[in-house]
Amino acid sequence: MNEFRSGLDSLDGTLRPSESWISDSSYWIPRHFVESAWLEHAPFAFWLVDAIRPAVIAELGTHNGFSYFVFCESISRLGLQTRAFALDSWEGDDQAGFYGSEVYDSVRTINEADYSAFSTLLRGYFDDNLASIPDGSIDLLHIDGRHGYDDVRHDFEAWRPKLSDSGVVIFHDIAEHQEGFGVWQLWHELAAEYPSFAFDHGHGLGVLAVGSNVPPHLRAFLSTGAENASQIKEFYLARGRAVAELSRASVQAAEVPALQAEVSALRDELQNAGLRVEENEREIALHDIERLGLVDQVNSLHNSISWRLTRPLRFASDVVHRRRG
């Protein structure tokens, strides 16, 4: 049984500290790596879907599909009955740049091969597809479209009626303050109104509990986060960086077939590293997360394999450069 779920059986009927923000799913590795500014948030996204078990997920702004495929992989691995919707024009814009049909074709190919049983791509502008999803149905909404203040506020307000009474909204790029980006401003306004948590890494990710009936696991997460934000941020920063390193190594290894087996083995090692810590110290963790120092141990494991993770990347880069030179 997933220890995250069994943790509900503690004596007082509540989640213990570690179980409120870590589960086996926190250690999963994405199946599909594509170019993305979202790589470092995959571990938390896996945890979030596991925690709230949404009936409907909708994403506004999918581009290459990395974040969306993380959601879909969660649905598949957990065996959920969730429906997922990706909304994008797949044309680009003046912020992300414009591109041709090859991006949509790539996303569609992966979606049809692996997730078509529960996933639907809605190509077009967000507002044009409002009628496609019933009011009060979305449990998890990811907003990652245009990043101007007026744009993101419009997206939030237009799609707010679509959220269920346990609805959760996540915003990407809340840590970006360059010209043209106003997500940070809207985030500060909304975080003052709703229960929330903010990650600083990976351009920033804001988690907002909008519904009146906050899912219990998320409520425990937010409660723990209010008192212990730094430890949660450290853990998911370390996990996220390891995933990003593995992604870069995988891309480079694709150009050097001889390295693919090694990168695959490192992928398995990274996924199992944190689980070995939990297996060895399970009983202690259940009683005293502070004494265990779980974050420090997992960070140490990540650091110990980081050089191995990046060695194929460095070697592959040298080979590729020599070939192109």
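Hi everyone. Contact, in what follows, means heavy atoms within 4.5 Å. With that in hand, here is a first figure for this predicted model: among contacts in the chain with a separation of 6 or more, 77% are between residues 24 or more positions apart.

A few more overall figures before we go in. The chain has 325 residues, and 56% of them count as buried. It exposes about 14300 Å², with carbon and sulfur atoms supplying 49% of that. In secondary structure, we have 11 helices and nine strands.

Let's go to the sheet. Seven strands form an open sheet with mixed pairing, and the order is β5-β2-β1-β6-β7-β9-β8. At the edges stand β5 and β8, each with a single partner strand, so one side of each has no neighbour in the sheet. On average, neighbouring strands here are turned by 15° against each other, if we ignore direction. If you look at the β8 end, β8 and β9 run antiparallel and are joined by four bridges. There you can find Ala 198 opposite Gly 206 of β9. Helix α5, residues 149-159, packs on this sheet and touches β1, β2, β6, β7 and β9. The direction of α5 makes about 170° with that of β6.

Now, the inside. Nonpolar side chains in soluble globular proteins tend to be buried together. In this model the largest nonpolar core has 57 residues, and the members that touch the most others are Phe 44, Leu 140, Phe 199, Leu 218 and Phe 221. Among the elements that give two or more residues to this core are α2, α3, β7 and α7. Apart from that core lies another one, of 25 residues, including Val 56, Leu 87, Leu 122 and Trp 187.

Let me stay with Phe 199 for a moment. What does Phe 199 touch, leaving out residues up to four places away in sequence? The list is His 41, Phe 44, Ile 174, Gly 204, Leu 205, Val 207, Phe 221, Ile 232, Lys 233 and Tyr 236.

Phe 44 takes us to helix α2, residues 42-52. How many of the residues of α2 are buried? The count is 11 of 11, and that includes Asp 50 along with residues such as Phe 46, Trp 47 and Leu 48. Just after α2 comes Arg 53, which takes a positive phi of about 45°.

On to the aromatics, since there are 20 aromatic pairs in the structure. One of them is Tyr 115 with Phe 118: the ring centres are 6.0 Å apart and the planes make 50°, so we call this pair tilted. Both partners count as buried, Tyr 115 at 2% relative accessibility and Phe 118 at 13%. Some rings join up further: ring pairs link Trp 21, Tyr 27, Phe 44, Trp 47, Phe 197, Phe 199, Phe 221, Phe 235 and Tyr 236 into a cluster. You'll recognise Phe 44, Phe 199 and Phe 221 from the list of core members with the most contacts to other members.

Last stop: a loop. Ser 132 is found between β5 and β6. Is Ser 132 buried or partly exposed? Its relative accessible area is 42%, so it counts as partly exposed. From Ser 132 to Leu 122 is 10 residues in sequence and 8.7 Å in space, C-alpha to C-alpha. Leu 122, you may remember, belongs to the core of 25 residues.

That's my tour, thanks for listening!

Conventions
Residues numbered from 1 in each chain as written. Predicted model: local features only at pLDDT ≥ 70, side-chain atom pairs only at ≥ 80, totals over all residues. Heavy atoms only, no water. Buried < 20%, exposed > 50% of the residue type's maximum accessible area, 1.4 Å probe, protein only. Areas by Shrake-Rupley, 256 points an atom, 1.4 Å probe, with all protein chains shown as cover. Core = buried A, V, L, I, M, F, W, Y, C linked by side-chain atoms within 4.5 Å. Pairing = 2+ DSSP bridges. Axes fitted to C-alpha atoms, helices over the stretch in contact; angles between N-to-C directions. Phe/Tyr/Trp six-rings, centres within 6.5 Å; stacked < 30°, edge-to-face > 60°.
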